[in-house]
Each structure stands twice: as C-alpha cells, then as structure tokens.
Amino acid sequence: MAEPLAPALPSELPVVPLRGTVVLPLSVSPLGVSRPMSIEAVNRALAGDRMVLTLLQTSDADEPGADDLHKVGTVCVIRQMAKAASGMRVLVEGIARARAEFLQVERGVMQALLKPLKEPGDRTVAVDARVRHLQELVDRALSLATGLSPEIKALVTGMDDPLRIAYLLASLLDMKPEDKQKLLEENDLARLEVKLDAVAMALSREIEVLELKGRIESRAEQEMTDAQRQYVLRQQLKAIQSELGEGDTEAQAIRTRIAEAKLPARVEAARRRYGLRPENDSGTVGRPCATDARGRRRRRRAGAADWRGPDDPHD
C-alpha cells in the first residue's frame, strides 16, 4: 500500500482548544463552541479556508495558554455551523495530524505554526490480520449493544483503509481523551499495527463491559420474575383459603377469640338466649323476643322451644 498523501495545509491556523474531547483525523465530530477565543477562531476560519487546528487541553483553564495545550492535534475543516444560545455548534471533519511548533495569541485568537505529521501507510499481512480481528470485534459488539446501528458494520467492512478504520472506531468508542490523544500522537511510521492494536484493545474492553451489563440485567430480570411469581402464588393461596373458609378473616378471628375467652355461665346463657352464635358469619345479632312478663311466664309454663317477638302476629 502506498503511503497516503498528506493534504496541502497552510503554514498557520487558528486554534480551537478542547476540554475533554479529541478530534481524530478521517472522522467527523460535533463541537460546542462557547469561549470567546474559540468563537473568534471559528469566525476567522469561516472567513477564509474554513480550517482550524484542534488541540486537547492539559488543564481546565477557561483561557488556556501555550503551556495548557498538547502540541499534537488535528487539522479540521468546518463543514457546518449553527448559532446557539451559549455560542455556536460546529461540525468539523478531521483531515490530518499536525504539530503546533509555535503558539501565540493575536487579537484574541490563538494562532499556531504548523508542522504536518505523516501517517504510517505500509499494509502488511499483520495489518490485514488486525483489520479482520477488528471486524470480528465489531460484529460481537453489535450483537450485544442493541442501540448501535447495523450501518456501522457495513461502514467498517466497506472501508479498505486500515488507518481510516482505526480512527473511525476510536471516534465511536467511549475511549478516554488521554487514550485518544496517545493514538493521535503515535508516530511509529513503520508499524500501523500499533494504532490498530490500541483500537482493538479499547473495543475488547467495551465488549467486556457490554457482556457484564447483559449478565447484570439478566440476573435482575430473573430476580424480578421470581418475586412476581411468589406474589401471584401468595394471592392464589389466599383465594383458595377464602373459598375453603380457612382464611384469616375478621369473622374467624372474632369466633376464635370468643371460644378462647371461656365466658362465665351466665354470659354464655345470655349469648344463647339472644341468638349470638359464634358460627354466625353474617355478624348479625338475634332479635329479642316478647318482652312482656306474662308472655315470658306463658313460655316457661308451656315449655315452648321457640317464642315470638313483639312484631310477630298474635293469636
């Protein structure tokens, strides 16, 4: 494979410092631009060749100086720009690596003198083997992550440039900014495998995370299913006990308490006299019968087993 030709780059470009993100060559990235220095750098690029140099900060300074920036970055072309409430949103495409040989601030914009950096380009059997391995890892990741688009597989398998594959996957993976910066700064021109191995390691780690996440979700789902099954069984048991009269109902509790109370003989006689039966589930109380003394005397004389109350028809 012939060594890829570096695009023609200007000798000087405005700098957009980045916190917590790295733009890689041969990839497209959205950026939020809100600091005055960065906004002015974008405006100056849009007025000219639309190129900027993105550099990762080594600190969280709002107004970084030359000592707060990595010196190796990515030359980007601004493809789209949209105004936002806090500044602007831009879509940039990385086109080449470059080193900032000299940094200085001019009229509110940081300018960098550029030195283009070559990329490794020799395609060997070892490189092809690593590309095949990356494609297999992509298949595995897609089978585990339902949120990933299947178009990524077609995109990776349709690429013939190993370097582009490495940068594309690195831009999609959840790699730390420091790891992406190391990938960007790798200058072993004789061994493209170094970059491919770094991406394969990051992709393998992502697969391990996805597999662990799947096991945790499966275990949680099984525990939830067991709890739901136990709840249903308990409800069915309560329904069966209620149908058989074995449930722990309020009436049964009252009957049990009365039976266990060992009431005095006169109270037990009054209960039987007024129809208060412990087996009466309706909870109703028997109505007293005739209240006149003569009626009670007649009942006692006649020895009747049953006698009428005041509302019953008389002879």
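Arg 107 is found in the loop that joins strand S5 (87-106) to strand S6 (109-116), and in this predicted model the residue has a phi near 50 degrees, a positive value in a residue other than glycine. Most residues other than glycine have a negative phi. With a relative accessibility of 72%, Arg 107 counts as exposed, because the cut-off for that class is over 50%.

A second positive phi, of about 60 degrees, belongs to Leu 26, which is likewise not a glycine. Leu 26 sits in the loop between strand S1 (12-18) and strand S2 (28-33). Its relative accessibility is 22%, and Leu 26 therefore counts as partly exposed, since buried means under 20% and exposed over 50%.

These two loops belong to a protein that contains nine helices and six strands. Of its 315 residues, buried ones make up 30%. Among the contacts with a sequence separation of 6 or more, 64% are made by residues 24 or more positions apart.

From the loops the reader can turn to the packing of the helices, beginning with helix H2 (residues 125-144) and helix H6 (residues 193-243), whose axes come within 10 Å and cross at roughly 20 degrees. That angle makes H2 roughly parallel to H6, because angles under 35 degrees fall in this class. The crossing of the two helices is left-handed. On the H2 side the contact includes Ala 126, Val 127, Arg 130, Leu 134 and Leu 137, while on the H6 side it includes Glu 193, Leu 196, Asp 197, Val 199 and Leu 203. Sorted by class, the contact of H2 with H6 has 14 nonpolar, two polar and five charged residues.

Asp 197, a residue of helix H6, takes part in this contact and is partly exposed, with a relative accessible area of 30%. Asp 197 and Val 127 are separated by 70 residues in sequence, yet their C-alpha atoms are 9.6 Å apart in space.

Helix H4 (162-172) also packs against H6, at an angle of about 30 degrees and with the two axes 9 Å apart. This angle makes H4 roughly parallel to H6 as well, and H4 passes H6 in a left-handed crossing. The residues of H4 that meet H6 are Pro 162, Leu 163, Ala 166, Tyr 167, Leu 169 and Ala 170, and they face Lys 195, Leu 196 and Val 199 in H6. By class, the contact of H4 with H6 divides into eight nonpolar residues, no polar residue and one charged residue. Leu 196 and Val 199 are thus named in the contact of H6 with H4 and also in the contact of H6 with H2.

The helices come together again in the largest nonpolar core, which has 32 residues and in which Leu 24, Leu 134, Ile 165, Leu 169, Leu 196, Val 199 and Leu 203 touch the most other members. At least two residues of this core are supplied by each of H2, H4, helix H5 (177-185) and H6. Leu 134 offers a way to follow the connections: leaving aside residues up to four places away in sequence, Leu 134 touches Ile 165, Leu 169, Leu 196, Val 199, Ala 200 and Leu 203. Leu 134 is a residue of H2 that meets H6, and Leu 169, one of the residues that Leu 134 touches, belongs to the H4 side of the contact between H4 and H6.

Key
Residues numbered from 1 in each chain as written. Predicted model: local features only at pLDDT ≥ 70, side-chain atom pairs only at ≥ 80, totals over all residues. Heavy atoms only, no water. Axes fitted to C-alpha atoms, helices over the stretch in contact; angles between N-to-C directions. Helix = DSSP H or I, 4+ residues; strand = E, 2+ residues; numbered from the N terminus. Parallel < 35°, antiparallel > 145°, perpendicular 65-115°, else oblique. Left-handed = near helix turned anticlockwise from the far one by under 90°. Contact = heavy atoms within 4.5 Å. Nonpolar A, V, L, I, M, F, W, Y, C, P; charged D, E, K, R; others polar. Core = buried A, V, L, I, M, F, W, Y, C linked by side-chain atoms within 4.5 Å. Buried < 20%, exposed > 50% of the residue type's maximum accessible area, 1.4 Å probe, protein only.
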